[in-house]
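Work through the following exercises with the sequence and the model side by side. Try each task before you read its solution.

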Amino acid sequence: MALISLIFAALLAFQGGPDPGDPNAWWGNTIPRTPVEADPFQNRRPRRGEASIPIDNGVEPLLYRLWNLVPLQSQLVRRGEVVMEVWARPSRGVRQAVARVTRRGDGRTFLQARAGLGCCTPQILRRIDIDAELPRETGEALRAAAEDPVWSQPRLVEVDYGGGAVSAICLDGVDFDLTLLVPGRSVTLHRACDDAEVGSAAAALRAALGPALGRDPRFDFLFPRGAAFTREEAAYKALTTGGGTLKPARADRPQPPPVAVVADDDPPPEPKEPAAAGAQAP
């Protein structure tokens, strides 16, 4: 019995947990703050009259927590800010990946990317976490991708080649679910593994997925052709120039309604450059 107690105490010490014999310490309210790379908005609180933006992308808040991500439903996006997220789900197998890029109002841009096996257990197995701050030019590219015409397309589409011919059901490839979050509204698109469908969203996919590649070979393994999407983009261009189009699928449904945007009391602060070595603060 003493041996079991020693093993239990050793496990607690290894996990960094407090002694269970002190209930006050166990339930203490000292909780470490999540790094800004993992939570760019730093648990932002709503202003008076500010409401969360409705999200309808099929990912519940608890599922985000399993992937060690702040739920998109709790993100309060304000003036000059953009959040873009993409889920990649192969038609075969249980490997999944998600990448989220967030540009804050002060111009700083952050990446959260995850990959793992999303099946058969309550946990996400073999989960890979990537959290990083990105160069400022990444945020400008993200803002440009947020203006791409793809966000005015239907949520669910099918390829119409003309003459009544439509795309076949895709059985082997990768489905992508993209969500754009900007002040007051969200847009979610599902693009199946048909090249023309995916190619219509190539710019958004590059902006959201591209920054995640080249950081962990285990994550890169899921995307052997990288995030260029040149083949898919060419297929979409060939479709549209040949008289074809993407039309709403029978299962298409409207996007969530927009919400009122609360005006900022003050403009977002400009990021401060670090002082040169040896310089004195004013």
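Two strands pair if DSSP finds at least two bridges between them, where strands (E, at least two residues) and helices (H or I, at least four) are DSSP runs numbered from the N terminus. The model is a predicted one, in which local features need pLDDT of at least 70 and side-chain atom pairs count only at pLDDT 80 or more, while totals for chains, interfaces and linings use all residues. Residues are numbered from 1 along each chain as its sequence is written, and side-chain values use heavy atoms, with hydrogens and water left out.

**Exercise 1. Describe the pairing of E7 with E8, and state which residue of E8 stands opposite Phe 176.**

Step 1: Strands E7 and E8 run antiparallel and are joined by 7 bridges.
Step 2: Within this pairing, Phe 176 stands opposite Arg 191 in E8.
Step 3: The hairpin of E7 and E8 has 2 residues between the strands, and Gly 184 takes a positive phi near 90° there.
Step 4: To judge how covered E8 is, call a residue buried under 20% relative accessible area, exposed over 50% and partly exposed in between (1.4 Å probe, protein chains only); by this rule 5 of the 7 residues of E8 are buried, and the strand is mostly covered.

**Exercise 2. Find which residues have the most contacts inside the largest nonpolar core, and which elements supply that core.**

Step 1: A nonpolar core is a set of buried Ala, Val, Leu, Ile, Met, Phe, Trp, Tyr and Cys residues joined through side-chain atoms within 4.5 Å.
Step 2: The largest such core has 38 residues, and Met 84, Trp 151, Phe 176 and Phe 219 have the most contacts inside it.
Step 3: Several elements each supply at least two residues of this core, including E1, E2, helix H4 (136–146) and strand E7 (174–182), and the largest share, 6 residues, comes from H6.
Step 4: If contact means heavy atoms within 4.5 Å, then Phe 219 touches, among others, Val 98, Ala 113, Ile 128 and Leu 209, not counting residues up to four places away in sequence.
Step 5: Apart from this core lies another, of 14 residues, among them Phe 41, Ile 55, Tyr 64 and Ile 124.
Step 6: As background, in soluble globular proteins nonpolar side chains tend to be buried together.

**Exercise 3. Locate the salt bridges of Glu 50, Arg 100 and Arg 114, and say whether their partners are buried or partly exposed.**

Step 1: A salt bridge is a side-chain nitrogen of Lys or Arg within 4 Å of a carboxyl oxygen of Asp or Glu, and a search of the whole structure finds 18 of them.
Step 2: Glu 50 forms a salt bridge with Arg 78, with the closest N and O atoms 2.8 Å apart; the pair links distant parts of the chain, 28 residues apart.
Step 3: Glu 50 is buried at a relative accessible area of 16%, and Arg 78 is buried at 13%.
Step 4: Arg 100 and Glu 85 meet in a salt bridge of 2.8 Å, N to O; Arg 100 lies in strand E2 and Glu 85 in strand E1, so the pair ties together parts 15 residues apart in sequence, and both residues are buried.
Step 5: Arg 114 and Asp 131 meet at 3.1 Å, N to O; they lie in strands E3 and E4, so this pair ties together parts 17 residues apart in sequence.
Step 6: Arg 114 is buried at 0%, whereas Asp 131 is partly exposed at 32%.
Step 7: Arg 114 and Asp 131 also belong to a network of salt bridges with Arg 127 and Asp 129.
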